[in-house]
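User: I am new to this structure and would like to learn how to read its features one at a time. Could you begin with the way strands pair?

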Amino acid sequence: MPGQTSQKRALPAVMIVGGGLGGLLMATLLERADIPYHIYERAGELRALGSIMTLGANVLPVFEQLGLLEEFERISKPVPSLDFYTSDIQKLGSLDLKEFKAASGYSNYIFARPRLYEMLRKQVPSHKVSLNKRVVRIEETHNKVTIFCEDESSYSGDILIGADGAYSSVRQSIFKQMDERGLLPASDSENLSIGFISMVGVSHPKNPEKYPQLQDTLGHYSQVLGNDSRAWGVFSAADNQISWMLSSQLTAEEANEKRFSNAEWGPEANQAMLNEFADMACPWGGKMSDIFEDTPKHLISKVFLEEKMFKTWYYGRTVLMGDACHKMFPGAGQGAVNAFQDAVVLANCLYVMEDKDPNTITAAFQEYYRQRFDRANYQYNQSSYMSKTQSGQTWANRALRYAFLNYTPTVFQRTLYRWTCEYRPLVSWLPMIENRGTVPVLPQQGPTKLVVEKSVAL
Ligand SMILES: Cc1cc2nc3c(=O)[nH]c(=O)nc-3n(C[C@H](O)[C@H](O)[C@H](O)COP(=O)(O)OP(=O)(O)OC[C@H]3O[C@@H](n4cnc5c(N)ncnc54)[C@H](O)[C@@H]3O)c2cc1C
């Protein structure tokens with residue numbers, strides 16, 4: 001019933017900093033709820049970058065509620081297993097995903113990140129997005145919060161959502177204020193920990209005669225684990241495109257050395273890393289350079305893969321979501337999933353605000369944190385474990401991988417399935433989606449009314 005409450009209550013004006021995947025889904029939900037919002041994005045255009053991603057039962061019911069599931073299925077392929085190879089392309093083992101469909105009612109899908117980005121971008125009217133707005137500082141007074149941008153413009157609203165990624169300026173700004181007041185937990189002032197350096201891209205459509213994997217209606221996920229600290233892989237995207245990924249695990253010293261380099265996703269002069277992997281065998285035949293050569297250079301991104309779980313997610317009128325408050329390694333494919341779940345739960349909490357009083361804002365943020373922190377923390381730990389299992393190249397990582405791919409008892413895998421499938425927060429004001437899987441899903445959490453403590457001051 002979008003808009004139903006809008007006549008009855010004073011709606012907060014929401015500013016979203018960051019038009020990434022999380023910020024775009026947040027905006028889509030506020031658009032559907034008729035809550036006023038605006039996105040401020042530092043990039044000059046909303047560019048679709050990145051490579052392979054997977055999504056499944058924790059998020060697809062929300063796409064179904066929003067009427068986006070069919071479009072999503074057109075840009076993706078169901079993936080039955082994750083396959084791992086040695087550098088001479090001998091199969092090391094597989095992670096079987098087929099049971100997910102029966103357990104949850106949804107397949108796991110594999111797709112090129114730029115396609116999902118395009119899909120979400122279309123949901124947000126362009127006049128509600130301001131580009132070239134790099135937020136450098138925020139300030140809060142009793143009745144509003146203000147963002148200050150690099151171009152010297154400033155904007156004010158009732159609520160600020162920091163969806164500005166791992167190096168969030170919004171987070172840095174509130175943490176500075178909290179630190180000055182002695183309110184910041186010590187661990188929140190520590191750096192993110194860098195584990196891998198990675199490069200990703202999506203090729204132009206390739207010839208399916210040469211790569212028969214592309215003819216398959218099912219997706220292929222083929223990752224090679226080299227003999228040294230390197231790993232690389234190819235993954236089938238829709239429309240005969242090939243997503244690819246290269247990664248090198250960093251030692252603690254290397255990570256410290258690189259900490260001050262550019263650590264964000266974005267195309268750069270990447271030739272050195274491409275050269276380093278050019279002669280590596282592609283698991284689908286030929287060399288990796290055959291695929292690099294067919295990838296538009298401006299769509300290749302290099303990034304340090306890092307992790308950190310922040311304890312503080314909100315302060316005053318400002319709340320964080322996505323990578324800004326929990327940066328996960330990509331191994332379990334949970335970065336975007338958790339950003340989307342944050343968006344859903346936060347939107348549900350904003351939807352039930354009866355007024356825009358500071359105490360009501362605090363109550364909404366508290367409820368969001370209560371519902372999300374433990375779940376995100378669990379996925380953070382899973383992501384760390386899975387990344388090391390899949391791509392880690394230390395002796396301990398290899399032993400873990402061997403055991404996981406060959407000896408992990410089915411009962412353990414099923415527990416993992418259950419934990420993954422049972423949690424699927426839905427948009428509270430749209431019709432619910434029935435559970436079509438065998439794993440019971442957790443009841444929808446979330447208040448129809450917020451508990452507002454009048455003593456809480458912003
Ligand atoms: C370009 C890109 C490519 C990626 N590719 C992959 C991939 O191939 N596979 C994978 O598993 N994960 C990938 N990720 C990570 C994954 O998409 C994220 O974990 C997940 O989507 C979380 O999204 P988010 O919205 O929290 O942050 P992000 O997706 O990082 O979005 C943050 C947004 O905020 C903007 N921003 C940052 N600072 C400011 C500022 N000061 N002012 C205004 N705007 C600002 C950024 O430009 C960006 O648009 C990628 C992320 C990005 C940004």
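Analyst: Strands of a sheet pair through backbone hydrogen bonds, in either a parallel or an antiparallel sense. In this predicted model, strand β13 (residues 193-202) pairs with strand β17 (residues 301-309) over seven bridges, in the antiparallel sense. Within this pair, Met 199 has Lys 302 of β17 as its bridge partner.

User: In what order do the strands of the eight-stranded open sheet stand?

Analyst: The order is β6-β5-β14-β15-β16-β13-β17-β20, and the pairing is mixed. The edges are held by β6 (91-96) and β20 (326-327); each has a single partner strand, so one side of each lacks a neighbour in the sheet.

User: How is a hairpin recognised, and which strands does one join here?

Analyst: One looks for paired strands with a short connection. Here β9 and β10 are joined by a hairpin through two residues. The strands, β9 at residues 135-141 and β10 at residues 144-149, run antiparallel and share six bridges. Arg 137 has Phe 148 of β10 opposite it.

User: Which strands pair with β1 in the parallel sense?

Analyst: There are two to consider. β1 (residues 14-17) is paired in the parallel sense with β12 (residues 159-162) over four bridges, and Val 14 has Ile 159 as its bridge partner in β12. β1 also pairs in the parallel sense with β2, again over four bridges, and there the partner of Val 14 is Tyr 37.

User: Are the faces of β1 covered or uncovered?

Analyst: In a regular strand the side chains alternate between the two faces of the sheet. In β1 both faces are covered: Val 14 and Ile 16 are buried on one side, and Met 15 and Val 17 are buried on the other.

User: How should I judge a helix, and what does α10 show?

Analyst: Its length and its burial can both be examined. The 17 residues of α10 should span 24 Å at 1.5 Å a residue, and its end C-alpha atoms are indeed 24 Å apart, so the two values agree. As for burial, 17 of its 17 residues are buried, so α10 is largely enclosed by the rest of the structure.

User: How many residues of α5 are buried, and what covers them?

Analyst: Seven of the nine residues of α5 (residues 113-121) are buried, which leaves the helix mostly covered. Among the buried residues are Arg 113, Tyr 117 and Leu 120. Their cover includes α1, β3, α3 (69-74), β7 (109-112) and β13.

User: What makes up the nonpolar interior, and which residues touch the most other members of the largest core?

Analyst: In soluble globular proteins, nonpolar side chains tend to be buried together. The largest nonpolar core here has 106 residues, and Met 26, Met 321 and Ala 347 touch the most other members. Helix α10 contributes the most to this core, with 12 residues. A second, separate core of 10 residues includes Ile 194 and Leu 305. To return to Met 26, the residues that it touches beyond four places in sequence include Ile 16, Ile 161 and Met 321.

User: How is the surrounding of the ligand described, and which residues are closest?

Analyst: The ligand is surrounded by 34 residues, the closest being Gly 18, Gly 20, Gly 50, Gly 322 and Gly 335. Elements giving two or more residues to this shell are α1 (21-33), β3 (52-55) and α10 (335-351). By character, the shell comprises 15 nonpolar, 12 polar and seven charged residues.

User: Where do residues other than glycine have a positive phi?

Analyst: Most residues other than glycine have a negative phi. Ile 89 has a positive phi, near 60°, and is found in the loop between β5 (81-86) and β6. Asn 240 also has a positive phi, of about 60°, and lies in the loop between β15 (230-236) and β16 (242-249). Ile 89 counts as partly exposed because it has 13 C-beta neighbours inside 10 Å. Asn 240 is likewise partly exposed, with 15 other C-beta atoms within 10 Å.

User: How much of the chain is buried, and how much of its contact is between residues far apart in sequence?

Analyst: Of the 458 residues in the protein chain, 46% are buried. Among contacts with a separation of 6 or more, 74% come from residues 24 or more positions apart. Arg 42 offers an individual case: its C-alpha atom is separated by 9.1 Å from that of Asp 164, 122 residues apart along the chain.

Terms used:
Residues are numbered from 1 along each chain as its sequence is written. This is a predicted model: local features need pLDDT of at least 70, side-chain atom pairs count only at pLDDT 80 or more; totals for chains, interfaces and linings use all residues. A residue is near a molecule or strand if its C-beta atom, placed from the backbone, lies within 6 Å of it. Ala, Val, Leu, Ile, Met, Phe, Trp, Tyr, Cys and Pro count as nonpolar, Asp, Glu, Lys and Arg as charged, and the others, Gly among them, as polar. A residue is buried if 20 or more other C-beta atoms lie within 10 Å of its own, exposed if 12 or fewer, and partly exposed in between; C-beta atoms are placed from the backbone. Two residues are in contact if their C-beta atoms, placed from the backbone, lie within 7 Å. Two strands pair if DSSP finds at least two bridges between them. The expected span of a helix is 1.5 Å times one less than its number of residues. A nonpolar core is a set of buried Ala, Val, Leu, Ile, Met, Phe, Trp, Tyr and Cys residues joined through C-beta atoms within 7 Å.
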